Amino acid sequence: MRLEQAPKPVAKAGQVLVKVRAASVNPIDWKMRRGMMAKVFPIDFPRVLGRDCAGELEGGLVAGVSDPRTDGTHAEYALLPADQAAPIPEGLSLEEAASLCVTGISAYIALVETARVSGGHRVLVHAGAGGVGSLAIQIARQLGCEVFTTASPPNHEYCRSLGAVAAIDYKTQDFTTAMPPCDVILDTIGGETHRRSMKLLKPGGAVVALAAEPIPKGQRRNDVRDTMVNVRPTRERLQQLFQWATSGIIKPQVTQRFKPEEASKAYAISESGHARGKMVILF
């Protein structure tokens with residue numbers, strides 16, 4: 001990664017050009033940098049990374065999500081698909097709006113649209129201190145769920161402050177036995193965590209995963225659902241999240257701020273897997 005001058009992008013039909021004021025850092029950013037997404041999103045170099053941002057558009061303020069097949073949002077100017085951007089309402093800061101886009105939509109689609117959580121459900125959110133997890137805990141709690149989460153001990157109190165009834169140390173505790181069976185599990189990790197999560201589901205329950213390899217047929221349970229979440233940003237979903245934030249239903253979790261020349265440091269923290277809440281780059 002390096003910081004350099006690049007031509008100002010030009011909007012085409014269906015795009016809007018945003019003067020970026022704040023952009024968040026998401027796991028997909030460093031995964032694309034490492035080449036882990038090359039089969040899904042082949043890219044040319046040099047490439048501007050970044051998926052979401054908030055900034056100025058024709059005198060107004062908007063926030064939204066870029067197309068991963070094009071240059072991203074970690075720059076002074078970014079192109080967003082017009083239908084993946086929404087006005088920022090009064091009472092929501094630029095950095096808060098930016099922090100809600102990718103992670104908020106991921107949590108929203110997984111819990112509200114895919115799992116359809118509701119009052120009385122017991123929900124486990126893996127990596128509850130992270131960007132998606134910190135919003136997912138709040139969303140599930142506000143919808144009347146009993147929420148558990150996995151996190152490192154330094155983040156346990158933080159997760160409880162968001163609404164989790166208990167936090168489980170994923171390094172020293174077996175989450176499959178440390179809590180009662182669940183109706184819904186939000187898997188933000190994949191791998192062995194995804195496979196083991198099946199053991200904790202009630203019959204008829206569901207694991208909704210953001211990134212996980214399919215479980216081999218012989219290891220699946222026939223009495224539960226295992227669903228990959230298709231994260232599709234839309235203006236309507238962004239507007240819902242922004243409305244929830246301004247009304248106090250959820251609270252954006254901006255925990256660290258960086259200058260553009262410090263972006264590599266933010267990426268390293270995200271890649272470590274120990275980031276709390278959301279990191280934003282301010283322009």
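Visitor: What does the side chain of Arg-47 reach at 3.5 Å?

Guide: The backbone oxygen of Thr-70. Bear in mind that this is a predicted model, where local features need pLDDT of at least 70, side-chain atom pairs count only at pLDDT 80 or more, and totals for chains, interfaces and linings use all residues. Residues are numbered from 1 along each chain as its sequence is written, and side-chain values use heavy atoms, leaving out hydrogens and water.

Visitor: What makes the pairing of the Arg-47 and Asp-71 side chains a polar contact?

Guide: The two side chains come to 3.4 Å, so the pair fits the rule: N or O atoms within 3.5 Å, one able to donate a hydrogen and the other to accept it.

Visitor: Which residues does Arg-47 touch, leaving out those up to four places away in sequence?

Guide: Pro-68, Arg-69, Thr-70 and Asp-71, where touching means heavy atoms within 4.5 Å. Arg-47 itself sits in the loop between helix 1 and strand 2 (52-57).

Visitor: And where is Met-32?

Guide: Met-32 is in helix 1; a helix here is a DSSP run of H or I with at least four residues, a strand a run of E with at least two, both numbered from the N terminus.

Visitor: Why is Met-32 called buried?

Guide: Met-32 has 10% relative accessibility, and buried means under 20% (1.4 Å probe, protein chains only), so the label holds.

Visitor: Which residues does Met-32 touch, with the four-place neighbours left out?

Guide: Met-37, Phe-41, Ile-43, Leu-49 and Pro-68. Pro-68 also turned up among the contacts of Arg-47.

Visitor: How far apart are Met-32 and Pro-42?

Guide: They're 10 residues apart in sequence and 9.2 Å in space, C-alpha to C-alpha.

Note on methods:
Buried means under 20% relative accessible area, exposed over 50%, partly exposed in between (1.4 Å probe, protein chains only).
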